Each structure stands twice: as C-alpha cells, then as structure tokens.
Amino acid sequence: MSRLSSSSTGRSPSPGAFSPRLLLRISIAVALVTIVLKGSAGWLTNSMGLISDAMESFVNLASAMFALAMVTIAARPADEDHPYGHHKAEYFSSGFEGILIIGAAIAILWAAVARLLSPEPLEQLGWGLALSILSSGFNAALAFALFRAARTHRSIALEADARHLLADVWTSAGVVIGIAAVGLTGWLWLDPLLAIGVALNIAREGVKLVWRSSQGLMDEALDPESQALLHATLESFAASVPEGVQLRFDDIATRRAGQRRFADLHMHVPGDWSLERAAGLRDALEQALMDAVPGLRVTIQLLPLGMEARATQIEDDA
C-alpha cells in the first residue's frame, strides 16, 4: 500500500498563488466583460469578423462555468463509490470546451459564408477596433495567469481554458489587422473571409481539446519526461542501497488522472528474504519515487526473483 506525503503532491503553490477555482471565477468575469466589449465592437462596426469574435466569447463563458464545476468535483476526496478519487472530472471539462468550440466554429462559418455572398459596408471602425484590442488585453493577461496555474496545479481544465483564451487572442489580432485592411482598401469581402479564418482556427483548437480529453479518459501514459525521471529514480535507488544488485524492476505501467499521476510496477527480491526486509525496502522506494515525480501515487508488487505475476503470465501466453 503506497503512502502519500506532502512532498509527493508536487510543487506546493506559493502563498500568493491563486487556486484553480478562483482563477476560473475570474475567467467567468473576464468572459462577461469581453462579451460586452466585443459585442459592442461588432454592433458598432457591422463587421462579421468582430461579430464572430464576440460569438466565441460566449463559448469562453460557458467553458469557464463548466470548468469551474468540474474542478470542484475533481477536488472531492475519494469515497466508497470512487476509491481512486474524482480527478478525471477535469477531462470532461476539456472535452466539453472542445465540443463548444467546434459548435461555435460551425455557426461562425455559416454566418460568414452568407455575408461573403452578400457583403455589407462597415462603420465606426475606430471604436470597434479599440474595444476589440481592449478585450484581447484582458484575455491575454488571464491566459498567461492560467498557464502558470495549470503548471503549478497540473490541471488540464486550467490549461484548456488558457489555450482557448490564447487562441482567442491570436484570432482577435488577425481580425483587427484584417478589419484595418478593409478600412484602407475598401475590399468588403475581406471581412467575411476573416470570419471564415476565425472559424477554421478555433475549430482546430476544439478538435485538439477533444482529442486530449479522450486520451486522458483512456488512461494515457505519463509524459516522456516523467517516465524518464521514474526510470532514473529506480536506477539511482538500486545503486544507493547495498541490496540494489539483487533487485529487479519490471512491468512498469503509468497513467494520469487529472492532477494525480499513477505508477504500478513489480519489484523482484531474493526469495529467502524476510517479508519485513522486503517491505521496508519497498516502502523506501515508494517514497523515493513520490519525491521525484510530483503528484505520483505508486503501487509496488513484491515478487521473488524468478517468479512473474499471474497477470503477466496470462499476457505472455495470449
């Protein structure tokens, strides 16, 4: 049975760090502000590019609200019905956000094609562009704060929200440049063409979020860096104890569930060892692995040298 210590939970947030739930509440507030700013910009200018940008802000709002709900669920402790915890709830947030983004892209594409077939003149470009740039500044600041928090808390929900906001910033930048070009050239077809570009860009981001969510729900292995650190720790542990030359590690399997990381492996020891001696060494190895890999929960099965676990034998025979 593995034990968890304060060091095994990963980097502790600094005293001034925002919690995921607080950041998502801020994200909801920023989404409301950007809806007003971008909606006003689209209304003032009659620009399909700016209107499509405003439509994406509604996706930001819905995504942040759903992410807040999922992060709250993920923070619940393990219970009788969920003995491994609720960490995977964050993957639903990422998948839901991706589906919303794809839906918004389809709606924008539909409206943009209609405007491309029937172009309309743009108005009050100065005010519209100023409001769009202001809203993008809010989104950019929040995106970088979310990225930092996502690394600290290892939260896919925060990372998904940050990636979406950053994509929104780049989208808005492209729209602003394009609308300015329309004002300079008078080419009205540029406006709906920009909206189509916005739709394709955010659809790509939505597909990426859905794919990542599916991989997490399917127990994707830890990232290569974490796996390399795990193997290096096993080697250094074997080299640091007198009994290291007699140990053998195999059948190492890893997975990630939200903020928590899991590893299972077999540790083979001489068959004439006492259970107390083998278990003491296993306990020390568990602690070394959890200290090395943030947020790791490790389960180590003890086996005598020359014997394989029944499950391994079945897989070899299959």
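**Cavity.** I looked for enclosed space in this predicted model and counted 1 cavity of 30 Å³ or more, a cavity being a set of points, on a 1 Å grid over the protein atoms alone, where a 1.4 Å probe fits but cannot get out. The volume of the largest cavity is about 30 Å³, where grid points are joined across faces, edges and corners and the volume is the space filled by probe spheres set on the points. I listed its lining, meaning residues with an atom within 4 Å of a point, as Ser27, Val30, Ala31, Thr34, Asn60, Asn139, Leu142 and Leu165. Helix H1 gives the most to this lining, with 4 residues, and both H1 and helix H4 (125–153) supply at least two. Sorted by class, the lining holds 4 nonpolar, 4 polar and no charged residues, with Ala, Val, Leu, Ile, Met, Phe, Trp, Tyr, Cys and Pro taken as nonpolar, Asp, Glu, Lys and Arg as charged, and the others, Gly among them, as polar.

**Ground rules.** I number residues from 1 along each chain as its sequence is written. For this predicted model, local features need pLDDT of at least 70 and side-chain atom pairs count only at pLDDT 80 or more, while totals for chains, interfaces and linings use all residues, and side-chain values use heavy atoms, with hydrogens and water left out.

**Overall build.** I found 9 helices and 3 strands, which are DSSP runs numbered from the N terminus (helices H or I, at least four residues; strands E, at least two). Their order from the N terminus is α-α-α-α-α-α-α-β-β-α-β-α. The radius of gyration, taken over C-alpha atoms, is 26 Å, well over the 20 Å that the globule rule (2.2 Å times the number of residues to the power 0.38) gives for 318 residues, so the protein is more spread out than a compact globule.

**Two helices.** I checked H1 (residues 20–45), whose 26 residues reach 36 Å from first C-alpha to last, close to the expected 38 Å, the expected span being 1.5 Å times one less than the number of residues. Just after H1, Asn46 takes a positive phi of about 65°.
For the 28 residues of helix H6 (residues 190–217), I compared an expected 40 Å with end C-alpha atoms 41 Å apart, which agrees. Just after H6, Asp219 has a positive phi of about 60°.

**Strand pair.** I traced strand S2 (residues 260–269) pairing in the parallel sense with strand S3 (residues 296–304) over 9 bridges, where pairing requires at least two DSSP bridges between the strands. One bridge joins His266 to Gln301 in S3.

Methods
1 Å grid on protein atoms, 1.4 Å probe; cavity = no way out; pocket = protein on both sides within 12 Å on 5 of 7 lines; lining within 4 Å.
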